[in-house]
4 protein chains.
Amino acid sequence: MHKSRLEAFSDGVLAIIITIMVLEIKVPHGDTVDTLRPLLPVLSSYVLSFIYVGIYWNNHHHLFQAARKVNGRVLWANLHLLFWLSLLPFASGWMGENHFAALPVALYGAILLMAGLAYWLLSRAIIQADGPDSLLAKAIGRDWKGNVSVALYLLAIPLTFLHEWIAEAIYVGVALLWLIPDRRIERALQETGSG
Amino acid sequence: MHKSRLEAFSDGVLAIIITIMVLEIKVPHGDTVDTLRPLLPVLSSYVLSFIYVGIYWNNHHHLFQAARKVNGRVLWANLHLLFWLSLLPFASGWMGENHFAALPVALYGAILLMAGLAYWLLSRAIIQADGPDSLLAKAIGRDWKGNVSVALYLLAIPLTFLHEWIAEAIYVGVALLWLIPDRRIERALQETGSG
Amino acid sequence: MHKSRLEAFSDGVLAIIITIMVLEIKVPHGDTVDTLRPLLPVLSSYVLSFIYVGIYWNNHHHLFQAARKVNGRVLWANLHLLFWLSLLPFASGWMGENHFAALPVALYGAILLMAGLAYWLLSRAIIQADGPDSLLAKAIGRDWKGNVSVALYLLAIPLTFLHEWIAEAIYVGVALLWLIPDRRIERALQETGSG
Amino acid sequence: MHKSRLEAFSDGVLAIIITIMVLEIKVPHGDTVDTLRPLLPVLSSYVLSFIYVGIYWNNHHHLFQAARKVNGRVLWANLHLLFWLSLLPFASGWMGENHFAALPVALYGAILLMAGLAYWLLSRAIIQADGPDSLLAKAIGRDWKGNVSVALYLLAIPLTFLHEWIAEAIYVGVALLWLIPDRRIERALQETGSG
């Protein structure tokens, strides 16, 4: 089984997910600033979700560049990841339409959590297919970001019901963790022993 | 004619089918658990259809890896398969919205049946193009899963009107048949002579 | 400029066009045969349009296989073709929803006509880029199907207002012209001098 | 990191953007010319946006053909460009539905402006990754079109509130600037010192 077609299919699904989310920003009736204002939460929800899908595409790209073999287990682990990401447009739209109310924000976090776990399962499946001395097995030792992200989502979901903005701040924080160039942070964290 | 562009086009269509199905899960008005509850049948219908499209993508991938030649007949047999799969979002949405009522469940089974037959026609068209001593002709001898699936769909459709859940259980069973790693089952069935 | 990226982009657009047309078949409220009946014209309109996009993808595939060079003019001629094909889901939906009334049927024919002309312009642009002794220039001498199709669309549009089914029959006829394996017809027509 | 997967993902997103815009042209109820008439502004808005996405795809194609290296910064600069372009279907639909009223036309210009700036940032990121003596660094010296476009968008946005058609004319003008074959214009501008 060749990894190129798996990559092409995943690219297709991720490209569609990132683009159909914009359909949640419904064209309003009327041409005044007031008609745009209710769209602001939907737009900010879209920006966050766009960044998350971008991060997943970026990580997916790196993961399969390191992968050598693709078997049935890898294929289904990949579809499992795409399944959770495919629910992001729904969760994102629900969160935006309800102005970041507690339950939608918690559901959004739950989808991020499941996608994070699915990504971890996918990386394990690739390592199993490639063998313990594979390139990926060595690289994954440094995957503190994945673990920290999952832990933060687990923290964010109950905190939603204390105040929605705590969870929102955590989601934004996790996104920034992946966005900012990581060499210096990684080095710093490795020195303190958490790398 | 090169098979790579046919694969790329099919990947595109399957990626879109698997993703637009999620648009049937409409973002509800309201932010309570009660607003989510009516979405549960639509969600479970989505999960089943997601798995089916995943299975077809997986099988399509294997089929064309074994294929050597692609001619006009193969191309149209492939489009015929994509046509029936393109109706899955509709059938899935109708089944979910009507809480798995008899007629939508039967229609869903009919679409699965037609897709199964279209897949069989596609594999025959590839064997005809490749010649009787082709790699695929040998591999297809073991395609007991395809035949069993079609037989089960044929059984499920009338049973829908006895009770919907019988048909549902058959659809889930066929999906599991394809999902679980098949080496041991295949061996067992070959020993009993059905392989 | 490489033709592979142009092919990939066109495949993406055609895959989306062929798939979003199915969104016009709206999931009905209710689970009886009566709720499905009004969808029949939309479904038959979808089948016809699916076949047409399939034919265009097939021809596009052959056209670029014969092409050697891709320049700016070819690129824009290709986008021009994709533009008209992108209007097919609209025309198809309008024709289906209005049960093949005269004006929608005429508009559908006009879109097919424009796509046919755009395809002809695209083939000319590729020949110009490749030079008069190119593979495509020789092959295009036999493009009687393209010319006949355009002539038939031109005939169908006014005939719509006599009776819609005349135009419909012509659209189906043109589609069959492209679908049936053409070696014998081509030979026959070449013998009568029209090849 | 290989640029081919970045190109494939961008092709996917651009193909979806260019195609889902057509969904803003809603199928009308009724089969008369009168039911089509209100769709004309939506259609002309679609044509303009289709051409703009086509121009961006064309330029993106050229940009990455000249690129040698792709790093994390290039990847995020690319996603940033795709983000602004993904808002074009919304801006296009809003502009069309409101018959080119001032505010929607200004917003459309603002999206074009942000996409223009994002494209400029992307080209800088590629040059930084490739080094100052790269092929792209030399080619970009002649990118007067990009600069002129951004300047014209900046001019068009306030002029919208004087009269919408001034801004519209500027958008069409910028599109024509990219559409017409540019060798002669480029040469003329280089002679007058603006190249």
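**Helix packing and chain relation in a predicted model**

Reader: What are the angle and the axis separation at which helix 3 and helix 9 (residues 164-179) of chain B pack?

Author: Helix 3 and helix 9 of chain B pack at about 40 degrees, with their axes 10 Å apart. The model is predicted: local features need pLDDT of at least 70, side-chain atom pairs count only at pLDDT 80 or more, and totals for chains, interfaces and linings use all residues. Residues are numbered from 1 along each chain as its sequence is written, and chains are lettered from A and ligands numbered from 1 in the order in which they are written.

Reader: Why is helix 3 of chain B called oblique to helix 9 of chain B?

Author: Angles under 35 degrees count as roughly parallel, over 145 as roughly antiparallel, 65 to 115 as roughly perpendicular and the rest as oblique. The angle here is about 40 degrees, so helix 3 of chain B is oblique to helix 9 of chain B.

Reader: Which residues of helix 3 of chain B make the contact?

Author: B:L48, B:I51, B:Y52 and B:I55 of helix 3 of chain B do so, where contact requires C-beta atoms, placed from the backbone, within 7 Å.

Reader: What makes the relation of chain B to chain A that of a four-fold axis?

Author: A turn of 90 degrees and a shift of 0.0 Å along the axis lay chain B on chain A with an RMSD of 0.0 Å, superposed by least squares on C-alpha atoms of residues with pLDDT of at least 70 in both. The relation is therefore that of a four-fold axis. In chain B, the C-alpha nearest the axis belongs to B:G12, 4.3 Å from it.

Terms used: Axes fitted to C-alpha atoms, helices over the stretch in contact; angles between N-to-C directions. Helix = DSSP H or I, 4+ residues; strand = E, 2+ residues; numbered from the N terminus. Contact = placed C-beta atoms within 7 Å.
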